[in-house]
Amino acid sequence: MPSRRLLSKRLWRCYLRSAERTIKIFRIINITFIIGTTMVIVVIISLFTPLFSRTVVYLFQHLPLPLMTGAAMSSPPTAYVILGGGLTNDHNNRTILNGYSLNRVRTAATAYHDLPLPIVLSGAEAPWLGQWLIEHGIDGIISENASMNTCENARFTAKRIPLHHVYLITDSYHMARARRQFALSNINTTAMAAPLPVNLDWMQPAQNLTHSRRAVYEIAAYLRDILRPQSNCRHADEVSEQQLLTPRGSAVKTFP
């Protein structure tokens with residue numbers, strides 16, 4: 001009889017311990033669920049405010065660049081490089097710069113008037129960017145018209161003209177990925193961010209969402225470049241100097 005009582009006590013203690021562990025596990029799961037759900041809700045809400053995109057830009061600005069050597073690390077910037085942001089059509093169906101490209105070339109023009117340096121235009125948008133600069137009294141323009149993506153922007157710019165350090169002009173979300181690609185081509189860059197066509201504004205959730213979408217896209221593109229580099233990025237020796245100089249009449253049109 002005493003042995004049965006002792007066994008019963010032991011079983012009861014085991015049951016209590018198991019029950020306590022189960023309760024603790026459920027509490028942890030519950031707390032984790034509450035914290036996770038709260039974080040998801042906060043992130044979703046932040047997409048409609050300037051908070052999300054500003055946080056992404058801040059993190060992008062602190063990402064390390066690939067190692068560069070030689071003059072890239074010791075030379076001051078000697079040119080402005082504008083990366084095209086796309087083209088669109090006006091009401092008369094004429095091809096024009098979209099809002100992204102227009103803001104980038106305006107940023108370059110403002111900097112040029114303060115510090116005149118050669119301007120390098122990269123991408124299918126180069127002829128339109130160059131025309132805009134000429135119309136605004138700016139010369140010293142060098143173009144490469146062959147690049148189709150950010151990786152090619154860097155490789156073909158390096159092929160087009162010897163550069164060690166440049167002021168790189170694109171939007172703040174694209175900047176980290178672009179700087180990384182130029183560093184891989186051993187070109188150091190000083191960021192000169194151009195604004196997006198719409199401003200961040202706490203009272204304009206639709207505009208903030210435009211920035212957030214841009215930020216999310218660049219996060220995904222940056223991770224892709226690291227984990228699985230683009231297979232459609234041609235090497236510099238795959239294009240001729242003539243191809244770099246020849247404007248493409250069938251440029252891809254995108255909309256802001």
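Helices here are DSSP runs of H or I with at least four residues, and they are numbered from the N terminus. With that in mind, welcome to a set of close-up views of a predicted model.

**View 1. A nonpolar patch on the surface, with leucine 223 as the guide residue.** Ile219, Leu223, Ile226 and Leu227 together make a nonpolar surface patch of about 380 Å². Leucine 223 belongs to helix α7. Is leucine 223 buried, partly exposed or exposed? Its relative accessible area is 46%, and because the partly exposed class runs between 20% and 50%, leucine 223 falls into that class.

**View 2. The salt bridge between aspartate 225 and arginine 177.** Here the two side chains meet with N to O at 4.0 Å. Aspartate 225 sits in helix α7 and arginine 177 in helix α6 (residues 172-184), so this pair ties together parts that are 48 residues apart in sequence. Both aspartate 225 and arginine 177 are buried. For aspartate 225 the relative accessibility is 4%, and buried means under 20%.

**View 3. Aspartate 225 again, this time with arginine 224.** The side chains of arginine 224 and aspartate 225 also form a salt bridge, with N to O at 2.8 Å. The two partners differ in cover: arginine 224 is partly exposed at 32% relative accessible area, whereas aspartate 225 counts as buried at 4%. Which residues do salt bridges with shared partners join into one network? They are Arg104, Asp171, Arg177, Arg214, Glu218, Arg224 and Asp225. Over the whole structure, a search finds eight salt bridges.

**View 4. A salt bridge within helix α7, from glutamate 218 to arginine 214.** The closest N and O atoms of this pair are 3.2 Å apart. How many residues separate glutamate 218 and arginine 214 in helix α7? They are four residues apart, which means that about one helical turn separates them. Glutamate 218 and arginine 214 are both buried, and both belong to the network that also includes aspartate 225.

**View 5. Arginine 213, an exposed residue of helix α7.** Moving one position along from arginine 214, this view turns to arginine 213, which lies in helix α7. Arginine 213 has a relative accessible area of 52%; because exposed means over 50%, it is placed in the exposed class. Where serine 53 comes into the picture, the C-alpha to C-alpha distance to arginine 213 is 8.6 Å, although their positions lie 160 residues apart in sequence.

**View 6. The disulfide between cysteine 151 and cysteine 233.** A disulfide is a covalent bond between the sulfur atoms of two cysteines. The count for this model comes to one disulfide. Cysteine 151 and cysteine 233 are joined with S to S at 1.9 Å, and because the cut-off for a disulfide is 2.5 Å, the pair qualifies. The link of cysteine 151 and cysteine 233 is left-handed, with -80° about the S-S bond. Which parts of the chain does the pair link? Cysteine 151 is in helix α5 (residues 150-160) and cysteine 233 is in the loop between α7 (205-227) and α8 (241-245), 82 residues apart. Cysteine 151 is buried at 7% relative accessible area, and cysteine 233 is buried at 8%. Cysteine 14, by contrast, counts as partly exposed at 39%.

**View 7. A positive patch on the surface, with lysine 24 as a member.** Arg10, Arg13, Arg17, Arg21, Lys24 and Arg27 form this positive surface patch. Lysine 24 is part of helix α1 (residues 2-46). With a relative accessible area of 54%, lysine 24 is exposed.

**View 8. Asparagine 89 in strand β2 and proline 127 in helix α4.** Asparagine 89 is found in strand β2 (residues 87-89) and counts as partly exposed at 27% relative accessibility. From asparagine 89 to alanine 124, 35 residues apart along the chain, the C-alpha atoms are separated by 15 Å. Proline 127 is found in helix α4 (residues 126-135) and is partly exposed too, with a relative accessible area of 29%. Between proline 127 and glutamate 144, which are 17 residues apart along the chain, the C-alpha separation is 9.2 Å.

How values were computed. Residues numbered from 1 in each chain as written. Predicted model: local features only at pLDDT ≥ 70, side-chain atom pairs only at ≥ 80, totals over all residues. Heavy atoms only, no water. Patch = residues over 30% accessible without salt bridge, like charges linked within 9 Å, V, L, I, M, F, W, Y side chains within 5 Å. Areas by Shrake-Rupley, 256 points an atom, 1.4 Å probe, with all protein chains shown as cover. Lys, Arg positive; Asp, Glu negative; His and termini not counted. Charge placed at Lys NZ, Arg CZ, Asp CG, Glu CD. Helix = DSSP H or I, 4+ residues; strand = E, 2+ residues; numbered from the N terminus. Buried < 20%, exposed > 50% of the residue type's maximum accessible area, 1.4 Å probe, protein only.
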